[in-house]
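This report looks at one structure in two parts, beginning with the empty space inside it and then turning to a single helix. Please keep the sequence and the 3D view at hand while reading.

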Amino acid sequence: MLLKKKLNLKINRLPIQMVLLILIIVAMAEFISVSFIIMNLLKSLNISPDNENIQLFMVEIVFINISMILLFGLIVMLVSRIFKKINNYAFYSCTTGLPNKNYMMNNLINEISSDREFAALISLDMDDFKAVNDTLGHLAGDELLKLAGERFENVVGAQDCVCHIGGDEFLFFIKSVRNQAQTEQMAKKILGLFGEPFYVNGSKVDYVSASLGIALMPKDGTDFQTLYNCSDDAMYMSKKLGKSSYTFYDENMSLNLYEETIKKKEIKEGIKQKEFKVYYQPKYSNDGQLTGAEALARWVKGDNTVILPSEFIEFAEKNGLIVAITDLILEEVCTDILSWIEKGESDFIISINITSQHITNRKLIRTLMEKIESFHVPAEYLEFEITESMVIEDFNKAVENIVLLKSYGIRVSMDDFGTGYSSLNYLKSLPIDIIKIDKSFIDSVSYNEKDKVLLENIIHLAHGFQLKVIAEGIENEDQLKILKEMQCDMFQGYHFGRPVNKGDFERMFLENKE
């Protein structure tokens, strides 16, 4: 029984071409054996081979033998081609022609496990690849992947392996390096491939880059799964650090990523439980009238611990959770506005911060407006705040979506004005209503003459473009007095009040409104 099992195992490991070849040899041996048997039978029956019928019979035997050889040969050739195609589909990417994840799992794993010399495993994920699919189409995206794959093959050594493991992700097993310094040079070469634009179906693509994560063998591991996990963690760290970069794996990364996973889970649960609440910071006009407030997000946990925005906003933006938080904030603001209107309050505006995902995505803008309309909140009570950094991502789309917002009657203001590179140009080009001068300019206005001159000119320019100006971060009477003299329209800051919940805002500000 044991011998039979071993025999079956050996047969199962034989390639199909070898099995067919063995069958051909066996079949030919059988035909030859039959031929000899017939010849011996004729001799034993004293039948002369010169007999015309016998010769014809033997010719037919030979013809059958040759036909069977050709037939079996044809079968072997067809089966070989079929299995070659199957092998290509199974182990190579249809998009790039590079080895795929199956190849990696079936071949690269064994190669790495049997190799104990210095080598590097590099995970690559393209940055902003989605924009190619969104703007040029998925066929263009596939073409870009193919072009990138060709560049990768040209830069690595003959003994190295490049795999396309799916989507815009690639994996490099680099054996041509001997130390970390050489590995770093290879990483720079790979990143440098994105320095030259790609030309896809006549379109120039120069905005795609890559984030690399590098694991070294044997330092970071000697088996594939360990090295792959390490390189993947390092790649995500590269994305966190600003993309278009490479990062070597460090053992602390796993701990950081674990903590981030827990934090992401907590935020998701917080969204589900509607723990993200609105705190209102008042705004006042030049003549001292309450004009409204800015709605600021606070994470109020189940134990009433209040988490400030600096602890979760940026993280939520990077992890695709900020849109859901914005939806919760908007719902609460709409509910509060309606309650204040029912109480007889009027002539106030609540501003809400929206994200770069909103301002460059028409669908998300329409979703916001549908939510406002579902609450039946008059548009004149709302204002959306954006930042210059959002606009830079896609200026034309931002302009289109701001125009769309204004078509609904929503005011739009630019927050953190003055901190970017092209702020004055935006005064002319963007269809905004208000600019908010960044706090960094306000802090020194009472003692820095240059900042004072700059502020005065910004306010004058804004008014020339028919824009209102609000100064945020007012903390003392001196700052307020100077800005009033400059004819600044509105003010916000701790001098007037800190952000508070709805109940405190009503008691401290709305009820005391003149």
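## An enclosed space

The model described here is a predicted one, and a search of the whole structure finds 1 cavity of 30 Å³ or more. The largest cavity holds about 30 Å³ of space. Its lining is made up of S123, L124, I165, E169, F170, Y228, D232 and M235.

Seen by element, β1, β3 and α8 (224-240) are those that give two or more residues to the lining of the largest cavity. Of the elements, α8 gives the most to this lining, with 3 residues.

## Helix α7 and its length

Helix α7 takes in residues 180-192, and because a helix is expected to extend 1.5 Å a residue, its 13 residues should span 18 Å, which agrees with the 18 Å that lies between its end C-alpha atoms. At the start of α7, a side-chain oxygen of N179 comes to within 3.2 Å of the backbone nitrogen of A181.

## The buried side of α7

Which residues of α7 are buried? They are T183, M186, A187, I190 and L191. These residues cover an arc of only 140 degrees around the axis, and therefore they lie on the same side of α7.

The buried residues of α7 are covered by elements that include the strands β1 (119-127), β3 (169-174), β6 (209-217) and β7 (246-248), together with the helix α6 (138-155). Two of these covering elements, β1 and β3, also appear among the elements that give two or more residues to the lining of the largest cavity.

Definitions and conventions: Residues numbered from 1 in each chain as written. Predicted model: local features only at pLDDT ≥ 70, side-chain atom pairs only at ≥ 80, totals over all residues. Heavy atoms only, no water. Helix = DSSP H or I, 4+ residues; strand = E, 2+ residues; numbered from the N terminus. Expected span 1.5 Å × (residues − 1). Buried < 20%, exposed > 50% of the residue type's maximum accessible area, 1.4 Å probe, protein only. Arc of directions from axis to C-beta. Contact = heavy atoms within 4.5 Å. Polar contact = N/O pair within 3.5 Å; in protein donor to acceptor, adjacent residues only side chain to side chain. 1 Å grid on protein atoms, 1.4 Å probe; cavity = no way out; pocket = protein on both sides within 12 Å on 5 of 7 lines; lining within 4 Å. Points joined across faces, edges and corners; volume = space filled by probe spheres on them.
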